[in-house]
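Me: I am new to reading protein models. Can you take me through one, feature by feature?

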Amino acid sequence: MVSQKVTVKNEAGLHARPASVLVKTASRFKSEFYIRMYGYEVNGKSILGVMTLAAESGAEMELILEGPDEEAALEAIVKVFENKFKNEL
Amino acid sequence: MKEYQPKILSGKPAAQGIGIGTVWILPDENKAIRPEKIKKNEIEKHIKKFESAREYLTIEYEKIKNIPADYELAEIIDAQIQTLNDPEVKLSIEKKIRVDYYTVEYAIFSTFNEYIQLLQAANAKWANERMIDVVSIRDEMIEATWEKKKDFDVKEGQVVFATDISPTNMVKLSHIKISGIVMKKGGFTSHAVILSQSLGIPCVINANWDRLSLKKGYDVIIDGSTGQVILWPSWKQSEEYRKRRLDGLVRYEKALEWAQKANRTTCGYPFVLRANVEFLEELPRLESHGAKGIGLLRTETLLFEAEEFDVNQQVNFYRNVAKASKNESVTIRLFDAGGDKILENSDFESNPFLGWRGVRMLLDKKDLLKNQLEAIYRVSGEFPGKLKILIPMVSRLEEILAVKKLCKTVQRVLSKKSVHFDEGVKIGVMVEVPSIALTAGRIAKHCDFFSIGTNDLTQYTLAVDRGNERISYLFDSFHPAIWKLIKMTKDAADRHGIPVAICGEMASKPEAAACFLGMGINDLSMNTASLPAVKSVLCSHARNEMEKLSADVLKSEALKEIHELLEPWRAI
């Protein structure tokens, strides 16, 4: 298992479109992915779950990955946060 | 034989074109699903129903993605596909069937409702918008589990009436070559509207037909350019619209060829045609339709998409727009919210059109206004001489002075931060309240240009709410009083040496545009779809013909007379 704390950096927060980008990235990996925030935990591959976090700009959360490709997945997901959820296109 | 009287319903125009056909009504979606239980031996059947509903909808949504529309729509649909295949949703639905013995309908219904409640509790502004999408996924999935699917017995040529239309239904409808769409709800950015525009289906939104006891098969005409819906049209109306539709198609084809020609009358008098723009998606049409820059950039959408509210997002928006208009100018109208575009959290007003809107609201919400001005000035530095500011809903001089003062404040702040900006950004006033047209000479001393908003000027001058069906026939911008106010505004502007432009719906009518040119107003802004037709008429007449037209119109006493004068100018 690997984990890392990240901050939501884009102005608008983790709303629908960013959530979609996040889920799309996470779903490329086999590892299970959970997001922990305020003692609340959601499946990071569930778009509705991620949306219900309603994380605003500046919110801190912990990414937890477990599985065969956990390192690569964590790296990719952290990058999504750093790029402010810009679509990879 | 019982004779039905023609009935006119007014909605908002959402996609151009005239649709003629018979009424077809899309049944409203669900409904409350009751928590019914199943027997143990039915579990697998219900699980299978869920699986196939999910697969079916995913395929349907993938199909929509391939329709040439826009990037934003594709993103929304991506999110819908992810919702359909959400692993937590799947777990929850399977558990409700396998462990709790609920029917597949109720398992889907209650699972999505749980998320809807969580989203409501999250209380984020964007969540409201997404909730609609989640509700539509929920209902579509329930419907997809039914063995006998609701059949679409809509036929080619019918006009679809619906409360709202989900993206999947919209695509199904588009395969059938329907003549038009009328919706009770729907915003200009709803999926159905974006799709109907890119598919060329005339569409009217915000039309409420509750009082008409509408039935399938009634004759109907819809006009996607004015938002009018005519039920039981008379024979004469049918003929007129049939002709207009045919003319429109022929004219549009022919007129598009005009787009690249020079903006001159047959005698060489130059004019400028610009575009009214609200969404970035419209920008590619500037070039194809021959617009010289943007005469009216509506910015309210930024306000409604609360997530894109800050200065930086605005800067990006204005920058993209300025880039797309090449070397031409962009007139940015300050947030014109209120009235029909009521802001969230705002108090209910019994008379919103005479209420807290436009500059009145902006001067109460100075931070909002300062943010917008800051964004505009920031971008102005990158495009010197290109950006202009337009103040909406001005009814007295003091409002202009207050906005100008704030502009100075913003400029000082930017100077301190060493941000480069254009000091010469022109500040103009919307002429849409009669008090401004009547005192245009005094107002002209304090602003750099006028832009006449003919829709509001008409409704405030004639005291007609065009949304009120009973009196909407009184809404006629060709009324002698409107021409007179426009002429007064132009004369006053000439005396003080400031330019006048028209950015209202009137400019998009070739016959009115010709009359404006005759009055010496040669800067017109309109929706891109109207540009070719207007240009074709202006290019194929001489200025002295137009001068005669405007002189005759200004002399006319009756509306009928004016309509007769203008009629021959409706197309080349």
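Reply: We start with the ground rules, then take chain A and one residue of chain B. This is a predicted model: local features need pLDDT of at least 70, side-chain atom pairs count only at pLDDT 80 or more, and totals for chains, interfaces and linings use all residues. Residues are numbered from 1 along each chain as its sequence is written, chains are lettered from A and ligands numbered from 1 in the order in which they are written, and side-chain values use heavy atoms, without hydrogens and water.

Me: How many helices and strands does chain A have?

Reply: Helices (H or I, at least four residues) and strands (E, at least two) are DSSP runs, numbered from the N terminus. Chain A has 3 helices and 4 strands. Their order from the N terminus is β-α-β-β-α-β-α.

Me: Which strands pair with strand 4 of chain A?

Reply: Two strands pair if DSSP finds at least two bridges between them. Strand 1 (residues 2–7) runs antiparallel to strand 4 (residues 60–66), with 6 bridges. Strand 2 (residues 32–37) also pairs with strand 4 in the antiparallel sense, over 5 bridges. Take Leu63(A): Gln4(A) has it as bridge partner, and so does Ile35(A).

Me: Is Ser179(B) buried or exposed?

Reply: Buried means under 20% relative accessible area, exposed over 50%, partly exposed in between (1.4 Å probe, protein chains only). Ser179(B) is buried because its relative accessibility is 12%.

Me: Where does Ser179(B) sit?

Reply: Ser179(B) is in the loop between helix 6 (167–175) and strand 5 (180–183) of chain B. A polar atom of its side chain lies 2.7 Å from the backbone oxygen of Gly157(B).

Conventions: A polar contact is a pair of N or O atoms within 3.5 Å; within protein, one must be able to donate a hydrogen and the other to accept it, and residues adjacent in sequence count only if both atoms are side-chain atoms.
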